[in-house]
Each structure stands twice: as C-alpha cells, then as structure tokens.
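Trainee: Please take a close look at the packing of the aromatic rings for me, and then set it in its surroundings. I would like the reasoning behind each label as well as the label.

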Amino acid sequence: MTESPSPPGTGAPKKPWLAWAAGAAALLLLTGWWIAATGQGPAAGVSGRVLLWHAWSETDTAVLNQALAQYEQIHPGAHIVAVRLSPDEIGSRFAEAASLGLGPDLIISSSRAAAGWAAGDLIQPIPADILTLQFYRPAVDSITLDGEIYGLPLSMQTQVLYFNRSLVDGGTANLEALENQVAGELSAGLPIGFEGGFWGIGAFGGRFMAEEGRINPEQLAFSAWLLWLQKNQINPGFALSRDQSALQELFIEGLLGYLVDGPELFPRLLATWPREQIGVALLPGGPGGAASPLLTTEAIFFNRSSSSRQFELALDVARFLTNVEQNASTMRKTSRIPANRRVLINQRLFPEISTFILQSRTAVVLPPDLMTPAVLTAGGNIYTSVLSGISDPAEALCAFRRQVRPDEVSAAGQNGDCPPANQTP
Amino acid sequence: MNEIPSPSNLIWQQIETLVILLERPRLINQLLAITAVFVLSWVARWAINRLRARLRRRASGPGGRWLPQPLRIIIDQILFSILFILGLVAAVPAFEGLGLPARLIEGAIPFAFVILGYEILVGILYAYGSRAAVRPYHYRVLLPLLIWFVFSRIVDNFIDLSLLGQIQVTSFGEDSLTVGQIFYAALILYISIVASWIVQDVLTRILLQRTSDSARTHSIATVMGYLIISIGIFTAARSFGLSAASLAFIGGGLSVGIGFGLQQIVANFLSGIVLLFEQSLRPGDVIEVNGILGRVERLSIRSAVVRTNDNIDIVVPNQQFLTSNVTTYTREDSLVRINLDLGVSYESDPQLVRDILLHTARQHGKVEKDPAPYVFFNGFGESSLDFRLSFWIRQPRELFKIRSDLYFMIWKALETAGIEIPFPQRDLHLRSGWDSSGVDRGQVPAE
C-alpha cells in the first residue's frame, strides 16, 4: 500500500485519459509496424499504395485521374490516392508535411520549388539508371541540382506572344516593329518583373548567366532592356505591369492587341474566345537576337520519407505519366507543353503548342537556387527601382547580385565591376 | 473550388492515406520513439511517486514533508510533462547520431511544452483551490481544450480534416449542411455552455461577496447563463448559413414536434423563465408543494430541485409551481410562527404554566426574541387547561426539529415543576349497577 502523494481531497485526480491515449497510440503504431513489416518484402510486380498531391484544375484533374486509372488497370496491385490541393497552398503544405516525414509520395509541382525542397532534404533524386534522354534538356536542367535530377519533368512553361486576331493579323518580329505597331491605338501588355520581363535580356543580346552557374557580371543587355522599358513606360501603346492577372483581364476584354504570357493563359482564352481569335507567336526579338524567356518545368517530385517500396511504385507511376503516350494525351486534353521530346506535335493541329516548343529552344533555365521566391522578389525590384527612376540599371543589378550572390559580388567588387554597397550612391 | 468526393470515398481515401503514411519506416521509427518516451515518462513518474511515498513514510512526522503542499501538488502534476520533454529532447540527438531523421520528434517537443503549460496551470489551480471547485474547470474547460488542440494538430498531419469538413450531411431547401458546419456549430455551443457556466460561477462568487441574498444572486447568474447560451445557439444557427426560408422550414418541423411530443418540456421551459423573472421562487426558499416540504436547491430552466429534510432531492417540474398551490415560508421574510398546543391538569397554576412555557421557549437558541414568544390560554378543555405557545423562528426547514426540541424541554420543565399533563378522563354511570366481584380477578362481569 503506497501513500498518496497528496492528502485525500486535495491535489489533482489521476489521469485515466493518459492510459487511453497511450493505448491508442501503441495500437496505431503496432498496426503501422505490421504494415511496414509486411510491406517491405520483395514486391511481386508493381503493387502497393502511394499518395499523390497535385494542384491541377478541375477539368485537368479528370485527365490526370483517367491516366492514373489506366495505370491501375495495367497494374491491378497498385493503387494511387490522388489528392487535389489549392495551388496557393500545395507547396507550403508539402514542405510542412514532408519535414515531419508525412506528405505525399509524389507531388506534381513547379520546378521553382525544387531547390528549397532539395536543400531541406524533403525530396529525393531519381536513381542514376533512370534515363532522361527522352526529355527536353532545359526541362531536365530546371530540376537538376548538384548533378542530381530531382524528379521527372511533365510539362514545360515559358512565355510567348499572344495576339488577338480580331485586332491584329499576326505576331511581330521584333521590338522595333512592336513599337511601331503600338504607336497607333493598339496596345501591348508587357509583364515586368524578374520572370515576366526576363525574355528581353536575350533580345538585347545578353546572357544573364555566365559559366559554372555564376551570374554574368556583364549585364549590358539587361541594362539596355531596362532602359528600353524605361523609355516605353510612357508610351501609351504599352501596358507595363507586374500584375499578370490584370494584364490577362485587359487582353481577354479585347483592350490589348498583344500580351506576353505563359501557357496558363491558353485554357482561359479557349474558354472565353472562339479558337480562331487566339493567336500565338514567338516573342519579338531585338537588336541582339531572339527573345530568351525563362523556362520552368512542371515536374513530379518524390518524397524523401517514402519507403523504398513506395518510392519504387511512385517512380513507376511518374515514368508512366511522363511517357510519350501519356504526355501526348495530356497535351491534347490540357494544352500542356510536353516535356517529352518524343511527343510528335502536328503544327497544323496544335499551332500554339508548336510555338511554345519553338520558343523553348531560346528559353533560359536558371539554376533552381535562383528560382526561389526571395530571389524572384529581389529580381522584380530591379525593374521597380529602374522604372521608377530610383536607380540606374547598373546600380539595380548590382544590388540584386549583392543580395542573391554576395560571394560573387565581393570577388567582382575587387575587379571594380560592382562596387560594394557602402560605395553605392 | 475543389470537387468533393462522396462521403464514403472521402473517408476511405483518408484511411488509405493513413495506411500509406504508416508504411514509412522514417515515420514509424519516430512515432515509436515518441510513444516509447511517453510510456517511459509515465512509468518513471509512477516510480518516482512510489519512491517519494516510501521516503515520506520513513521520515514520518512533520519534518518528513520538506516541501510545502502546494509545491508538492504542482510537482506531482507536472512531473510527467517534464519527463516527457526531457525524453524527447534526448531522443533527437540520439536519432541524428544514428543518421535517422528526427523532425517529427522535434515537432512533438512544442506539444509536450503545451502539455506542460496545461499541467502547470492545473497544478496551480489544485494547489491553491479546493479540489471540488477546481475539478469542473479542469474537466470541463482545460482538458477538452488540451485534447482538442493536440488531437486536431496531430490528426491534421495525417488526414485532411478540411476536406472531411466539406462532406454534405443533408440539405434544407437550398442550403446544405456539412460536417464542418455541424462541427463548428457544436464548438460554438460548447464554448457558449462553458462561458455560461464560468460566468455563472464567477458572478455568483462576486455577488455573494457583496450581498447575502443568495437567491437573487443565483437568479441573476442563471439569467446571465441562459443569455449567453441563447447567444451561442443563435450564433451556431447562423454558422449553418441558414436562410430565412430554411429557418422557417425547420421551425415548421419543430412546431409539429413540439405540438405532439415536446409540449410538456416547452411548458416547463416557459414556466422556468417566468419563475426566474417573476422571482416568485428562488433557490434557498423553503416551500411546500404537493405535500413536500423542503428547500429549493436549484432552479433550472426545466425543473427545480427541492431538498427535503430527509436530504432527498426531489425534481419538481417548473410547471407545477405555476399550476398548483405552493406554500412558501420564505417568500418575503423567512420568519415563521409556530404554535405548540398543550394541556395541563386542572390542579395547575395557569400563571406558573405560562411562565414555564415562556421561559422554556426563550431558552431555545433558535426561537426569536423579537417578536417574543407568547402564551395563549385557549380555554378549559374536557380534561385539561389548554394553552398555546406561539413563537417565531427564522429556520423554516428546522420547524420539526425545533418543535420537537421544545416539546422535550416543556415536558421536562413541567415535570420539574410538578405540573401534570392529564390524559383524557371519562366518568361512566351504569344504570344496572356494578358487580365488583369479578373485577379483582380481572374478569368482565357477565350481562
């Protein structure tokens, strides 16, 4: 008989709920252990369950579900639980869940997130023996970090020049022609910002990146492009905005003849306009050559926490979704730009997709570590500070480099091409 | 807008998700570690308490208890959480040293601190408050809040609660009712009930410090409580997003139900409101209803609890108080007059009897001095001089006891004074005479 620590009638009562909680947790874990123990053996064919997260639209989800159902039909032992999340929250929710060992086995997401996830050890690279030759090289590059490929590319995203066929006959070859065309009542919507305005650097003959993943210290073309924008921001024929959705609204309402935008606009236009009204052309080139829009990829990434069996199955599902047949089917049904270069695109049937593919040849893939939200915001500030007259292009670019690649700037500062921050006026 | 699968598909999907997650060794290892730390902390707490008890027994006497009691209670309360936190903190580097991920274990540490905070609060409450007073706050407020917090945060990691909340249960006209809406409505109701209870408790304590009218205090607190619950019900109904048409639809259905089956409940409910506002009956009142004498202990919206002198609680529906005659001894004033009738022999001195009765009444502590007791000479009875002792008391519930006490005291006083309390006497006159020969043998003479 033990003495109670507190006299009767005082102190806290015993805690039966703790016993229940511990019992329930133990039961749950034993179940998990049993599943894990029985599921780790050699798989007879492709079997098991995996969880897939995506943020596709409702209509696109039906296409994805069809593909997954087809996979399950081929592999009756396999089951894919597909969960659709909001595009705004899918990235943060995955990061939060995966850091705890939770979250999906596969996630379809933009390559923009790859660097952060890989750095946080949330996703795992694909095995070296998986061939990626069937994909467009830039698509693979966009998800490659330190020589490891973190996922399989599903579709590509870049920019083209949309035009309203009821207002203009066709695209425009270069910036000069565009300036002449918008001199009348016609307007062109140009997004400004790091991603939206990146294409102009190539048009002025520059390269943003130097060798070995360094930012090119010579940014004369970028400066020229910024000065061109500065000059034309008072041109009533141009609508310059960081708000891409606002420009889209103006274009859909027929107030803009041209708009620089990505593939996500195409389904919206299809839902609003007759097909024959939609025109898609290559971005206008400039005095330095062809435009160089940024290229990002929608890829399938793999959770680091998945069991080996789950990873095997997830990889198999991803290979199925990115094969030629599925990639072509997805292109036809959702207007996605296939990342698989073996997909044959009939230019007459899919002129818009063909244009995107053509544009992707001059598109630029930035290292994943330069596609983080912080870097993109800093890049956007270049445009804001130059167009508002706060800084000249060289100062703004130096400020950007100091922020995102301080080690490169300190080396370059000794060479005198980018003065240290305290010397900047 | 997400397409919501059917409820069964959604539930099945969540189960499959859980099964998928539990297949991951990285996750299972960490969950097992957390559970092991949890169980070990519990066992360690039990062992430490045993050891402390043994040490206390050895060092018996006041000096053996080297910690003040409040501190001991708090330590008892938080010991588990402290051990749990220490265990988790130790498990993280152990896992990392083995090259295993430990983020889930790290993620469990803030939860353990939440439990610690909860236990510190509970410990302080128990240390400085009475167990009876703290227990309701512990189990009605703090524990449900902790369970809700921990459960929702844990479960939300494994299954999509927001998606489950979108399952449509039924529809009223054009409005639909989802699991999430029901949950939030229930949450609002719970919060309003708890808030009502806390407000009643606190208000009662505050008012009782300023006034001695416990009945009025109770009524004010009850009305405030019902007001808060009413606001909660209204807010919960609004959270359903019900339109006027839907409310009319529900109201129509309810009115049929009320008409057929719930009329007694509604009658009692309305009677309760009338009683509260009219103040015709208040807790603490001593009443007699349907032959039951007792004190009103509680007055709720449907019924009143009347405690008899036998300490039996009788639940009386409120309607009874409005539809039948209720004798209240304490309506305006708790002063009650009691009459004791008695007779003494014709040989007694009436003045002496009066003095004895008055003196005896004054000797009883619960007989009021003002108004003073009074003795009435009621008349010449068949076999006694009849008196009535009238006196006042302020404890109507003790009426029977005080009356009994006084009878005892009067009998003793009269006996001491040599005053006889006669029994009824009859003189019989027999026309046929009396044969006394059988009387001695105890026999009744034959006719």
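Mentor: A residue counts as buried when its relative accessible area is under 20%, as exposed when that area is over 50%, and as partly exposed in between. Please keep in mind throughout that this is a predicted model.

Let us start with the rings. A pair of aromatic rings is described by the distance of the centres and the angle of the planes. Ring centres must lie within 6.5 Å to make a pair, and planes under 30 degrees apart count as stacked. Over all chains, that rule gives 28 aromatic pairs. One of them joins Trp225(A) and Trp228(A), whose ring centres are 5.6 Å apart and whose planes meet at 15°, so this pair is stacked. Both tryptophans belong to helix H8 of chain A, which covers residues 220-232, and they stand three residues apart, about one turn of the helix. An α-helix has 3.6 residues a turn, so residues three or four places apart point the same way. With a relative accessible area of 1%, Trp225(A) is buried, and Trp228(A), at 8%, is buried too because that value falls under the 20% limit.

A pair in chain B is built from strands. The rings of Phe377(B) and Phe387(B) have centres 4.6 Å apart and planes at 20°, so they too are stacked. Phe377(B) sits in strand S9 (residues 374-380) and Phe387(B) in strand S10 (residues 385-393), so the pair ties together parts of chain B that are ten residues apart in sequence. Phe387(B) is buried, with a relative accessible area of 2%, whereas Phe377(B) is partly exposed because its 38% lies between the limits of 20% and 50%.

Strands S9 and S10 return when we turn to a helix of chain B, H12 (residues 350-363). Its buried residues are Val353(B), Ile356(B), Leu357(B), Leu358(B), Thr360(B) and Ala361(B), and they pack against strands S8 (336-344), S9 and S10 and against helix H13 (399-416) of that chain. The N-terminal end of H12(B) is capped by Asp349(B), which has a side-chain oxygen 3.1 Å from the backbone nitrogen of Gln351(B). The length of this helix can be checked as well: with 14 residues at 1.5 Å a residue, a span of 20 Å is expected, and this agrees with the 20 Å between its end C-alpha atoms.

Back in helix H8 of chain A, there is a further residue to consider, Leu229(A), which is buried at a relative accessible area of 0%. Setting aside residues up to four places away in sequence, Leu229(A) touches Leu190(A), Ile192(A), Leu240(A), Tyr383(A) and Leu387(A). Leu229(A) and Val386(A) are 157 residues apart along the chain, and 9.2 Å separates their C-alpha atoms. Tyr383(A) leads back to the aromatic theme, as it forms one aromatic cluster with Phe194(A), Phe198(A), Phe208(A), Phe222(A) and Phe400(A). A ring may also meet a charge: the charged end of Arg336(A) sits over the ring of Trp56(A), 3.7 Å from its centre.

For a polar case in chain A, consider Gln326(A), which lies in helix H12 of chain A (residues 324-334). Gln326(A) is buried, because its relative accessible area of 4% is under 20%. Beyond its neighbours within four places in sequence, Gln326(A) is in contact with Ala67(A), Gln70(A), Phe320(A) and Leu321(A). With Gln70(A) there is also a side-chain polar contact of 3.2 Å. Between Gln326(A) and Val63(A), 263 residues apart in sequence, the C-alpha to C-alpha distance is 10.0 Å.

Finally, the totals place these details within their chains. Chain A has 16 helices and 13 strands, and 54% of its 425 residues are buried. Of the contacts in chain A with a separation of 6 or more, 74% join residues 24 or more positions apart. Chain A exposes about 18,500 Å², with 55% of that area supplied by carbon and sulfur atoms. Chain B has 13 helices and ten strands, and 35% of its 447 residues count as buried. In chain B, residues 24 or more positions apart make up 65% of the contacts with a separation of 6 or more. Its accessible surface is about 26,000 Å², of which 62% belongs to carbon and sulfur atoms.

Conventions
Residues are numbered from 1 along each chain as its sequence is written. Chains are lettered from A and ligands numbered from 1 in the order in which they are written. This is a predicted model: local features need pLDDT of at least 70, side-chain atom pairs count only at pLDDT 80 or more; totals for chains, interfaces and linings use all residues. Side-chain values use heavy atoms; hydrogens and water are left out. Rings of Phe, Tyr and Trp (its six-membered ring) pair if their centres lie within 6.5 Å; planes under 30 degrees apart count as stacked, over 60 as edge-to-face and the rest as tilted. Helices (H or I, at least four residues) and strands (E, at least two) are DSSP runs, numbered from the N terminus. Buried means under 20% relative accessible area, exposed over 50%, partly exposed in between (1.4 Å probe, protein chains only). A charge sits over a ring if NZ of Lys or CZ of Arg is within 6 Å of the ring centre and within 35 degrees of the ring normal. Contact means heavy atoms within 4.5 Å. Accessible areas come from the Shrake-Rupley method with a 1.4 Å probe; for residues, only the protein chains shown count as cover. A polar contact is a pair of N or O atoms within 3.5 Å; within protein, one must be able to donate a hydrogen and the other to accept it, and residues adjacent in sequence count only if both atoms are side-chain atoms. The expected span of a helix is 1.5 Å times one less than its number of residues.
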